[in-house]
Every structure is written in C-alpha cells, then in structure tokens.
Amino acid sequence: FREEEEEQEEENHSQVMFEAVLHSMLESAVVASSDMRILYVNPALCSLFGYTEDELIGEKVNKLMPKEMSDRHDDIVSSHLTKGTVTVIGKQEGHRVVARHKYGSSLQLLLCISKGVDRKGELVFTATFRDLRSLLARVSAEKIALSTQARCEAVLNSMLTPAVVADKVMTILFVNPATCDLFGYTVEELVGWKVNKLMPKAMADRHDGIVASHLKTGKATIIGKMEGHVIMAKHKDGTPLPLRLSVSSGCDDTGDKLFTATFHDLRENKARMSAEAQVVNTQARLEAVLNSMLEPAVVATADMNIVFINNAACSLFGYKRDKLIGHNVK
C-alpha cells in the first residue's frame with residue numbers, strides 16, 4: 001500500500017506541476033480527452049475566448065469553433081484515432097485556424113497540437129493558441145519602426161552636417177559620413193563606443209556626470225539651444241577640433257531616451273571669414289589707388305554695368321558716384 005501511495009503522490013505532484021506550467025503560460029492552452037471533452041484550460045485561454053473556466057470544463061472543444069468547422073471536427077478526430085490520419089498534430093510550425101469567441105466574433109489563431117497519455121494511460125490532446133491579430137500588429141509595428149529608422153538614417157546620411165545619435169548612457173548608435181570625415185574615424189570605430197571618445201580627456205572624464213545630472217534633474221546646459229555651444233573636440237589623431245555643438249533629445253519607439261548631436265567646424269568659419277576679410281581689404285586698397293589717380297577710371301562688368309568710378313571720372317562727367325554705379329556705361 002505504501003508503494004501505491006507514493007506512486008499516487010508522485011502522479012499527483014506531476015499533475016500539479018503540469019497544470020502550474022500551463023497556468024503560467026502567456027499562450028492560451030487547452031487539454032482535452034480522446035472524445036474531445038475539455039479537461040483543463042488556462043487563464044490565457046479564458047481571456048482570449050471570453051469564457052470562464054467553469055463554462056468550458058466538460059464541454060466539447062468544438063464550442064470554440066465556427067459552426068462549419070465544429071460540424072466536421074468529430075469526424076477529423078475519429079479519422080485520426082482509427083486510421084492514424086494526421087493534419088496538424090505534432091507540427092512545430094502550427095496551423096492557422098479561425099476560432100470563435102464567446103460572443104461570436106472570429107479569432108485568427110495559430111494552433112499547435114500535441115498528444116500524450118495521462119496517468120491512467122488515457123489519450124489526451126494539448127492545444128496551444130497564438131493570437132495572430134496581436135502577432136501581426138507587432139510585426140506591422142516593427143516594420144513601421146524599421147521603416148522610420150531607415151528614413152531617419154537616410155536623411156542623416158545625406159546631411160553635410162556631421163551628426164551623432166546616442167542613447168541615454170551615451171553609447172553611439174549612429175554616425176553619418178560627415179561625422180566620420182570630420183573626426184577621422186570609420187563607422188565601425190565609433191558605433192558602440194561612448195561619445196566621450198570624441199572629446200579631450202578633461203571633458204571626457206566629466207561628461208558621464210553631466211549627462212547623469214541632466215537625466216536626474218532635467219536641467220539642461222546646451223540641449224535644445226538653437227545657438228549651440230562652442231566646444232573643443234578631438235580628432236582621431238589627437239588634433240583639437242573647435243566646433244559649435246547643438247544637441248536635441250527625444251525618445252525611440254520603445255520610449256528610451258535618445259540624443260542627437262550636430263557639429264559645425266569653426267575652422268571653416270574662420271577660414272571663410274579670413275578669406276572674406278582679404279577680399280574686402282584688397283578691394284579697399286584697389287579703390288584707394290583708383291581714387292588717387294588723376295586720370296578718370298571706370299570699372300565695369302562683362303555686360304558693361306558700372307561697379308566702380310573714381311573721383312576723377314565723377315568730376316569729368318559731372319555725376320555723383322551713386323548716380324552711375326549699377327548703370328550701363330553707355
């Protein structure tokens with residue numbers, strides 16, 4: 001008797017564990033006998049079909065099917081039991097079916113069925129369902145997210161302005177070609193690294209603390225400021241880079257914080273300003289020379305519009321300078 005009691009306890013323990021596993025599953029599950037009477041349903045199945053457990057236990061599984069499938073189901077099961085005919089049982093990839101909610105609406109589901117025997121040696125079937133509506137919605141959302149990301153990357157890649165995208169812990173997620181050109185790195189040398197790789201050591205050591213303070217307090221020093229902030233960055237070869245930095249923040253499709261930084265090379269600004277100053281200076285010297293001449297002189301474009309006339313020419317022709325500039329020489 002003791003052995004029988006121990007065996008019964010072990011069987012009961014196995015049954016409890018089996019039901020506990022099914023109970024905790026996010027996928028809907030139902031266990032049925034060989035005559036397709038429902039023996040067990042888990043909470044996920046009740047939620048999916050709109051029934052309580054008491055409304056399903058002891059009922060035939062075709063209660064969960066549309067009428068046209070419900071009428072055929074017993075014959076299909078009978079054929080399997082007598083002839084071994086298999087349609088979906090044991091197939092890992094499952095089978096798409098249309099089921100019926102308690103209130104008559106159709107449910108698009110992916111059905112997987114396995115079979116075994118209970119502790120009495122009786123044949124039982126276990127069916128699990130995945131709601132294709134939520135699955136398709138998630139796939140669609142993922143496609144939209146990927147499409148949006150691809151468009152954003154395409155825009156950033158086409159920009160002449162260097163741009164970097166980083167997450168809340170300042171790991172670089174994306175850099176565009178202009179950034180690689182400016183800093184001298186390849187994409188592979190930057191993505192996955194912290195952004196302080198682009199900074200001199202003094203700033204790199206402080207940067208994580210500045211970001212942590214912003215995330216904690218919400219206070220920003222340069223984030224969102226249109227005029228940007230002049231900083232000193234570091235080229236791959238160690239050369240200092242004077243840049244104007246602009247930073248904006250946002251969230252990705254999962255709600256995680258993202259930061260986008262753009263850079264303007266101030267060396268180019270200085271070079272352009274220097275060149276412009278040289279042009280202005282050269283023009284001023286030329287005008288001074290022409291104005292000091294005793295001979296009348298006129299400077300015109302290729303289409304003969306006057307751009308400069310010296311003092312001697314104004315005196316000779318009797319015009320004020322502003323009456324001639326822009327007019328044709330004729």
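## Exercises on strands, helices and loops

Strand S9 and strand S10 (residues 257–265) pair in the antiparallel sense, and nine bridges connect them. The model is predicted, and the exercises below start from this pair of strands.

**Exercise 1. Work out the order of the strands in the open sheet that holds S9 and S10, and state which strands stand at the edges.**

Step 1. Begin with the pair already described, in which S9 and S10 run antiparallel over nine bridges; within this pair, Ser249 has Phe259 in S10 as its bridge partner.

Step 2. Look next at strand S8 (residues 229–234), which pairs with strand S9 (residues 240–251) in the antiparallel sense over six bridges. Val230 has Arg244 in S9 as its bridge partner. S8 and S9 form a hairpin with five residues between them, and Gly238 in the turn has a positive phi of about 95°.

Step 3. Add strand S6 (residues 163–167), which is joined to S7 by three bridges and runs antiparallel to S7. Here Val165 stands opposite Phe174 in S7.

Step 4. Put the strands together: the open sheet has five strands in the order S7-S6-S10-S9-S8, with antiparallel pairing. Strand S7 (172–175) and S8 stand at the edges, and because each has a single partner strand, one side of each is left without a neighbour in the sheet. From one strand to the next, the twist averages 35°.

**Exercise 2. Check whether the length of helix H3 (residues 67–83) agrees with its number of residues, and then describe its bend and its buried residues.**

Step 1. H3 has 17 residues, so at 1.5 Å a residue it should span 24 Å; the expected span is 1.5 Å times one less than the number of residues. The end C-alpha atoms of H3 are 25 Å apart, which agrees.

Step 2. Turn to the course of the helix: H3 bends by about 35° at His73.

Step 3. List the buried residues of H3, which are Ser70, His73, Val77 and His80. An α-helix has 3.6 residues a turn, so residues three or four places apart point the same way. The cover over the buried residues of H3 includes strand S4 (106–117) and strand S5 (123–131).

Step 4. Finish at the end of the helix, where H3 is followed by Gly84, a residue with a positive phi near 75°.

**Exercise 3. Carry out the check of length for helix H6, and find where H6 bends and which of its residues are buried.**

Step 1. The 17 residues of H6 should span 24 Å at 1.5 Å a residue, and since the end C-alpha atoms are 25 Å apart, the two values agree.

Step 2. The bend in H6 is about 35° and lies at His207.

Step 3. Ala204, His207, Val211 and His214 are buried in H6, and what covers the buried residues of this helix includes S10, a strand of the open sheet in Exercise 1.

Step 4. After H6 comes Gly218, with a positive phi near 80°.

**Exercise 4. Decide for each of the loop residues Asn42, Asp35 and Glu188 whether the residue is buried, partly exposed or exposed.**

Step 1. Recall the cut-offs that the decision needs: buried means under 20% relative accessible area, exposed means over 50%, and partly exposed lies in between.

Step 2. Asn42 is found in the loop between strand S2 (38–41) and helix H2 (43–49), and because its relative accessible area is 0%, Asn42 is buried. Leaving aside residues up to four places away in sequence, Asn42 touches Leu22, His23, Met25, Glu27, Ser28 and Ala29. A polar atom of the Asn42 side chain lies 2.9 Å from the backbone nitrogen of Ala29, and a polar atom of that side chain lies 3.0 Å from the backbone nitrogen of Leu45.

Step 3. Asp35 is found in the loop between strand S1 (28–33) and S2, and with 44% relative accessibility Asp35 counts as partly exposed. Its side chain makes a polar contact with the side chain of Ser33 (2.2 Å). Asp35 and Val124 are 89 residues apart along the chain, and their C-alpha atoms are separated by 9.0 Å.

Step 4. Glu188 lies in the loop between helix H5 (177–183) and helix H6 (201–217), and its relative accessibility of 64% means that Glu188 counts as exposed. Glu188 and Phe174 are 14 residues apart in sequence and, from C-alpha to C-alpha, 9.9 Å apart in space.

Notes
Residues are numbered from 1 along each chain as its sequence is written. This is a predicted model: local features need pLDDT of at least 70, side-chain atom pairs count only at pLDDT 80 or more; totals for chains, interfaces and linings use all residues. Side-chain values use heavy atoms; hydrogens and water are left out. Helices (H or I, at least four residues) and strands (E, at least two) are DSSP runs, numbered from the N terminus. Buried means under 20% relative accessible area, exposed over 50%, partly exposed in between (1.4 Å probe, protein chains only). A polar contact is a pair of N or O atoms within 3.5 Å; within protein, one must be able to donate a hydrogen and the other to accept it, and residues adjacent in sequence count only if both atoms are side-chain atoms. Contact means heavy atoms within 4.5 Å. The bend at a residue is the angle between axes fitted to the seven residues ending there and the seven starting there. Two strands pair if DSSP finds at least two bridges between them. Axes are lines fitted to C-alpha atoms, for helices over the stretch in contact, and angles run from 0 to 180 degrees between N-to-C directions.
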